[in-house]
Amino acid sequence: MQENTNSRSQLRLASDQSPETVMERNIPDTATVMENNIPEKKKGFSKLRIVWRNVYIFAFLHTASLYAIYLVFTSALLKTVMFAFLLYIISGLGITAGVHRLWSHRSYKAKWPLRLLLAFFNLIAFQNDIYEWSRDHRVHHKFSETEADPHNAKRGFFFSHIGWLLVRKHPDVIEKGKTVDCTDILADPIVRYQRKYYTPLIGLCCFVMPTVVPVWFWNETYWNAFYVAVILRYCWTLNVTWLVNSAAHIWGNRPYDRYINPRENKCVIISTMGEGFHNYHHTFPWDYATSELGFRWTVTTMFIDFMAFLGLAYDLKTVPLEVIKKRKERTGDGS
């Protein structure tokens, strides 16, 4: 198929429901930082099996981040803080524009230079390799708010935010997750390469590079560079990503579908560069902008639009306004 630069394809649906083939491709957003694939022995909320290794790691990460905040106000150079913020933006794009909108939902297509760039951004984020993140996200969409949802929000804010990473996966997550087709993701050689060399690439991109750049280019100390540009930035990015799983499934309005849990949450919209239009996203998961409002409040959508302008992104999928209007009238909460 020839790549038509700057083209936007609207889904011409007879109704406001996506085609079955599209729905089957909607993957989950499970930012799994640790391997957590051993199921619980028994089903049910009372049979959670804690993974203590993960508890210790995340406890250290958050405690060290508090110390890093102290360094920000006492000894870290302003350039280092600004560099950490830049890393937050680009690593966030590796999640939002990369594993979420491109690989998980196939809401647009990208030429190999853009896919390579997003794979690099994703390595800085360190939230699992492209395949694993996308697979979990498709499971999340297909079985949202059930036991097969990796971060089922019906189990409470803490579980859907970070708790799901501290316990073994529910058996349904593994069993039903096998029914989700992800062969299209592994068909990408960039995905396969990243997955094969994930561990050394993570060490280089998420930990080494952010530490040495401030030291080499503006004489920051290794101590400050590591705690501010690595630990604090990484912990912040993780929690911002987790808010999509937790806050955006609990608090907010539901103008598109009042029968599902995902909400429109303004705080999450801003902090995640546009991923907080969550009621819209779960209603129309194939829309590359993840919102009816397009680029408003969303750095990610503007980034994809700019890549389309450069000819690196194409076939940007959107939903006809008439379809959105009818869906709001039929199932929205009136907000």
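The legends below describe an overview and several close-up views of a predicted model.

Because the model is predicted, local features need pLDDT of at least 70 and side-chain atom pairs count only at pLDDT 80 or more, whereas totals for chains, interfaces and linings use all residues. Residues are numbered from 1 along each chain as its sequence is written, and side-chain values use heavy atoms, with hydrogens and water left out.

**Figure 1. Overview of the protein, with 15 helices and four strands.** Helices (H or I, at least four residues) and strands (E, at least two) are DSSP runs, numbered from the N terminus. Of the 335 residues, 57% count as buried, where buried means under 20% relative accessible area, exposed means over 50%, and partly exposed lies in between (1.4 Å probe, protein chains only). Among contacts with a separation of 6 or more, 76% are accounted for by residues 24 or more positions apart, a contact being heavy atoms within 4.5 Å. The protein exposes about 15,400 Å², and carbon and sulfur atoms supply 64% of that area, as computed by the Shrake-Rupley method with a 1.4 Å probe.

**Figure 2. Close-up of the packing of helix α4 (residues 112-125) with helix α10 (residues 198-218).** The two helices pack at an angle of about 75°, and their axes are 7 Å apart; axes are lines fitted to C-alpha atoms, for helices over the stretch in contact, and angles run from 0 to 180 degrees between N-to-C directions. The angle therefore makes α4 roughly perpendicular to α10, a term that covers 65 to 115 degrees. Phe120, Leu123 and Ile124 of α4 make the contact with Tyr198, Leu201, Ile202, Cys205, Cys206 and Met209 of α10. These residues divide into nine nonpolar, no polar and no charged, with Ala, Val, Leu, Ile, Met, Phe, Trp, Tyr, Cys and Pro counted as nonpolar, Asp, Glu, Lys and Arg as charged, and the others, Gly among them, as polar.

**Figure 3. Close-up of Phe120 in helix α4.** Phe120 has a relative accessibility of 34% and so counts as partly exposed. Leaving out residues up to four places away in sequence, Phe120 touches Cys205 and Met209. The C-alpha atom of Phe120 is separated by 9.8 Å from that of Gly98, which lies 22 residues apart from Phe120 along the chain.

**Figure 4. Close-up of the largest nonpolar core, with 67 residues.** A nonpolar core is a set of buried Ala, Val, Leu, Ile, Met, Phe, Trp, Tyr and Cys residues joined through side-chain atoms within 4.5 Å. The members that touch the most other members are Phe58, Tyr108, Leu114, Leu118, Phe303, Ile304 and Ala313. Elements giving two or more residues to this core include α2 (52-74), α5 (130-142) and α14 (299-309), while the largest share, ten residues, comes from α3. Apart from this core lies another, of nine residues, among them Tyr256, Tyr280, Trp286 and Val319.

**Figure 5. Close-up of Trp286 in the loop between α13 and α14.** Trp286 has a relative accessible area of 1% and is therefore buried. Although Trp286 and Arg101 are 185 residues apart along the chain, their C-alpha atoms are separated by 8.1 Å.

**Figure 6. Close-up of Thr283 in helix α13 (residues 278-283).** At 6% relative accessibility, Thr283 counts as buried. Apart from neighbours within four places in sequence, Thr283 is in contact with Tyr256, Asp257, Ile260 and Arg327.

Note on methods
Angles under 35 degrees count as roughly parallel, over 145 as roughly antiparallel, 65 to 115 as roughly perpendicular and the rest as oblique.
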